[in-house]
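Reader: I've got this model open on my screen and would like a guided close-up of one part. Could you walk me through it in plain words?

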Amino acid sequence: AHQWRGVIREYADRLPVTEETRVITLGEGGTPLVRAEKLSALTGSEVYLKVEGMNPTGSFKDRGMTMAMTAAVEAGAKAVVCASTGNTSASAAAYATAAGLTCAVLVPEGKIALGKLSQAIAHGATLLQVDGNFDDCLEIARKLAESYPVFLVNSVNPARIEGQKTAAFEIVDALGDAPDIHVLPVGNAGNISAYWKGYREYAQDTEYGSGVRPAVSTKLPVMWGFQAAGAAPFVAGHPVTHPETIATAIRIGNPASWDTAIAARDESGGLIDAVTDEEILAAHRWLSSKEGVFVEPGSAASVAGLLKKHAADEVPSGRTIVCTVTGHGLKDPQWALRTEDGSEVEPVKVSNDVVSVAVELGLDHTA
Ligand code: F0G
């Protein structure tokens, strides 16, 4: 039986590794591409969800982290550092443990989901809550790596982008060609840059260290990125000083991969737009209650964007559309316990007997 070997071994001929590379992996990638029945029925297109919450630490960050940690080990690093809105810190902490390196993470104080904080602590990272936002944390992490003996594993490290581009490869391998439209959330903008790199490399004969690999796909998707309305620098056209959104994963005002994200948008003939927190929570509810897929709020920005474009009659029918949902719902589960009108969900209490349970469920006796 074949076991998925992680993105580096599965795509070694398209990544900057050699036979001698000591691969740091937790078996990331190989995530499900789930057909979204209700979104497909709504739009008249084939809509798929790339469910990245199924990675080892529950987010897409693991694809980049296997490469970044492998590069850190190759460079002889003893310690790694990252800034994070939560998922990168969880992933860095886990992969540093696997590599035998120490890990420091800088997070914005009070603004990361409890599940992610727990992961970083569980894996033994030194977690520092900075009195500032993600953009402040990233600036400190970059300066730290410049002047001190620590290896930076944020997506400004090109190894991260290399690893993350494998998600595009997997989608083409599963569908037989690139989708017509690819939709994803945008925060620090590493992921949209990575997907575009992956799609481009698969659409043409591409030279890697070991030689030329032939094209796999016949076309390129149009890239649709969505930011949270309170943290939408690409929509504003300039960095945002005080980003705000309930989707803490993408609460970012000064994206590091600015130019490559703009290139992905423009070269693909795509767009980067914003969705409100209400639209994000509505998409979060849609995914869990209609499709059976539980994601964290930031992940739902892609589907919120698709629903917004559908409402504006701007989603074509008869096409193939992939929405990346970036992180698992269990990272930040509290949002499921709120109804549409904002009230708390109280699970019903029932006495310890079958008739009471049947009555509560509205069931009629069968015999
Ligand atoms: N979705 C989730 C769940 C994320 O955690 C992030 C980024 C994004 C989307 C946006 O991806 O930054 O590549 O545009 N999280 C980073 C972190 C910033 O620190 O975990 P991006």
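Reader: Into which domains is the chain divided? After that, please zoom in on strand E4 (residues 102-108) and its surroundings.

Author: Sure, domains to begin with. The chain splits into domain 1 (7-59 + 160-337) and domain 2 (61-156), with bounds that come from an automatic or database domain assignment. Keep in mind that this is a predicted model: local features need pLDDT of at least 70, side-chain atom pairs count only at pLDDT 80 or more, and totals for chains, interfaces and linings use all residues. Residue numbers start from 1 along each chain as its sequence is written.

Now for E4. Helices (H or I, at least four residues) and strands (E, at least two) are DSSP runs, numbered from the N terminus. Of the 7 residues in E4, 6 are buried, meaning that 20 or more other C-beta atoms lie within 10 Å of the residue's own; exposed means 12 or fewer, partly exposed is in between, and the C-beta atoms are placed from the backbone.

What's around it? E4 belongs to an open sheet of 4 strands, ordered E5-E4-E3-E6, with parallel pairing. Strands pair if DSSP finds at least two bridges between them. The edges are E5 and E6 (151-152), each of which pairs on one side only.

Take the E3 side. Strand E3 (residues 79-83) runs parallel to E4, and 5 bridges join them. Ala79 sits opposite Thr102, and Val80 faces Cys103. To get from E3 to E4, the chain goes through helix H4 (residues 87-99), making a right-handed β-α-β crossover. Right-handed here means that, with the strands pointing away from the viewer, the path from the first strand over the helix to the second runs clockwise.

The other side goes to strand E5 (residues 126-130), also parallel to E4 and joined to it by 5 bridges. Here Val105 has Leu127 as its bridge partner. E4, helix H5 (residues 114-122) and E5 form a right-handed β-α-β unit.

Two helices deserve a look against this sheet. H4 lies across E3, E4 and E5, at about 175° to E4. Helix H6 (residues 134-147) packs on the sheet too, touching E3, E4, E5 and E6, and makes about 155° with the direction of E3. Those angles run from 0 to 180 degrees between N-to-C directions, using axes that are lines fitted to C-alpha atoms, for helices over the stretch in contact.

Zooming back out, the C-alpha centres of the two domains lie 21 Å apart. Across the boundary, 40 residues of domain 1 are in contact with 33 of domain 2, where contact means C-beta atoms, placed from the backbone, within 7 Å. On the domain 1 side, helices H1 (7-10), H7 (158-164) and H8 (166-175) each give two or more residues, and H7 gives the largest share, 5 residues. That side has 15 nonpolar, 17 polar and 8 charged residues; Ala, Val, Leu, Ile, Met, Phe, Trp, Tyr, Cys and Pro count as nonpolar, Asp, Glu, Lys and Arg as charged, and the others, Gly among them, as polar.

One more pair to click on: Ala189, not a glycine, has a positive phi of about 80°. Ala189 lies in the loop between strand E7 (181-185) and helix H9 (190-203), and counts as buried because it has 26 C-beta neighbours inside 10 Å. Asp313, also not a glycine, has a positive phi near 60°, but counts as exposed because it has 7 such neighbours inside 10 Å.

Note on methods
Two residues are in contact if their C-beta atoms, placed from the backbone, lie within 7 Å.
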